[in-house]
Amino acid sequence: MEIRIVPLPDDRKKPKYTDESALGFGKLFTDRMFIAEWKAGRGWGDARIEPYGPFVLDPAALVFHYAQEIFEGLKAYKWSDGTIALFRPEMNARRFNISAERLCMPEVPEELFLQGVEELVRMERDWVPSSEGTSLYIRPTLIAVEPVLGVKPSEHYYFYIILSPVGAYYAAGFNPIKILVEDRYVRAVPGGTGEAKTGGNYASSLKAGLEAKKKGFDQVLWLDGVHRRYVEEVGAMNMFFAYEDRVVTAPLAGSILNGVTRGSVLQLADTLGFRVEERAIDIEELMADVRSGKVKEAFGSGTAAVISPVGTLCYKGESCSVGDGGVGQLTRKLYDRLTGIQTGKLADTFGWVRKIA
Ligand code: COI
């Protein structure tokens with residue numbers, strides 16, 4: 001599709017960040033954004049890259065009332081030779097459409113998704129940070145903008161992409177975080193929207209997250225919504241537990257997100273000689289294995305979170321250190337391998353990186 005480029009006036013150019021170590025996550029946005037519109041009876045059109053700025057939306061727009069919204073998260077990296085590379089963007093394009101289907105939204109053709117991401121990142125390449133642990137976070141989003149109060153799928157949508165130069169997702173950086181196993185609230189149930197990347201899943205996780213923060217924890221680990229017994233995910237991350245010779249993670253059974261980083265970690269762990277098990281994880285058994293030291297390491301994975309070591313798990317009032325509570329060897333190795341491939345320091349034998357500039 002042809003993308004119209006709307007000129008960026010000098011007075012809309014933002015001051016560039018000066019300190020890459022102070023970027024944090026998702027606080028700063030680049031000069032431009034991509035947008036395309038879908039209308040019933042016409043389909044996709046009016047694709048453009050325009051100055052970053054607020055939308056004017058009707059207060060009755062469906063997204064504001066019934067949360068018809070989906071999003072994605074992926075990253076661009078600047079290599080030491082100046083190359084700009086994306087990590088597995090086609091996986092995000094595919095998952096976007098799985099979310100779209102669940103929320104009765106129109107499919108965004110993979111070519112349009114990738115074209116929008118690539119053209120925008122190319123134009124904004126000066127915003128991609130290059131120091132260790134930084135990247136350009138890419139947030140494709142689809143919202144329902146038809147102004148009507150009846151509960152129904154919208155007949156008008158915006159597909160837009162914004163970019164944010166980022167550092168670590170957690171303030172702790174690559175240091176072990178503390179996780180509370182949530183046994184009161186639930187995130188998803190079979191047949192629900194747990195597998196879709198939709199805003200409502202995150203809105204309904206806020207209460208548990210706040211309560212956990214008050215108790216001194218960084219995140220909650222969700223249990224399945226039916227039995228409150230099987231480990232699911234940590235909102236912004238999929239979870240892994242490493243034993244002596246195997247790595248265990250929850251299966252993709254419809255209520256957790258099919259993480260792009262999750263899939264990559266499973267492949268990397270396999271090449272490191274670990275047996276990989278995707279299976280139901282009973283929280284009581286898991287805690288017993290943490291207590292006895294059989295579980296050597298725990299970590300989460302996500303585009304924003306990358307690989308985040310977990311030092312403490314707390315379930316029903318009992319806090320247990322995982323291993324010695326520090327960053328485990330496998331966690332460190334997986335982090336180094338993954339980020340090494342993403343940043344061009346290690347050879348990409350998997351065909352994961354897509355150089356775009
Ligand atoms: C990501 O890792 O890209 C996510 O979307 C998690 C997020 C809620 C920050």
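This report describes the ligand site and the enclosed empty space of a predicted model.

## Where the ligand sits

The ligand occupies the space that forms the largest pocket. Domain 1 covers residues 4-166 and domain 2 covers residues 177-342; both give residues to the shell around the ligand, so the ligand lies between them.

## Residues around the ligand

Nine residues make up the shell: five are nonpolar, two are polar and two are charged. Aromatic names in the list are Phe71, Tyr137, Tyr169 and Tyr202. The ligand is also surrounded by Gly73, Arg139, Lys197, Thr303 and Ala304.

## Polar contacts and burial

Three residues of the shell can be described by their distances to oxygen atoms of the ligand. For Tyr137, a polar side-chain atom lies 2.5 Å from a ligand oxygen. In the side chain of Lys197, an N or O atom is 2.7 Å from an oxygen atom of the ligand. Ala304 takes part through its backbone, where a polar atom is 2.8 Å from a ligand oxygen. The ligand taken alone exposes 280 Å², and the protein buries 91% of that area.

## The enclosed cavity

Rolling a probe the size of a water molecule over the atoms shows where empty space is left. In the whole structure, the search finds one cavity of 30 Å³ or more. The largest cavity has a volume of about 100 Å³. Its lining includes Leu74, Lys75, Tyr77, Phe87 and Asn92, and also Val260, Thr261, Gly302 and Thr303. Val306, Leu338 and Gln342 line the largest cavity as well. Thr303 is thus listed both around the ligand and in the lining of the largest cavity.

Notes:
Residues are numbered from 1 along each chain as its sequence is written. This is a predicted model: local features need pLDDT of at least 70, side-chain atom pairs count only at pLDDT 80 or more; totals for chains, interfaces and linings use all residues. Side-chain values use heavy atoms; hydrogens and water are left out. A residue is near a molecule or strand if one of its heavy atoms lies within 4 Å of it. A polar contact is a pair of N or O atoms within 3.5 Å; within protein, one must be able to donate a hydrogen and the other to accept it, and residues adjacent in sequence count only if both atoms are side-chain atoms. Accessible areas come from the Shrake-Rupley method with a 1.4 Å probe; for residues, only the protein chains shown count as cover. On a 1 Å grid over the protein atoms alone, a cavity is a set of points where a 1.4 Å probe fits but cannot get out, and a pocket is an open set with protein on both sides within 12 Å along at least five of seven lines; lining residues have an atom within 4 Å of a point. A molecule sits in a cavity or pocket if more than half of its atoms lie within 2 Å of its grid points. Ala, Val, Leu, Ile, Met, Phe, Trp, Tyr, Cys and Pro count as nonpolar, Asp, Glu, Lys and Arg as charged, and the others, Gly among them, as polar. Domain bounds come from an automatic or database domain assignment. Grid points are joined across faces, edges and corners, and a volume is the space filled by probe spheres set on the points.
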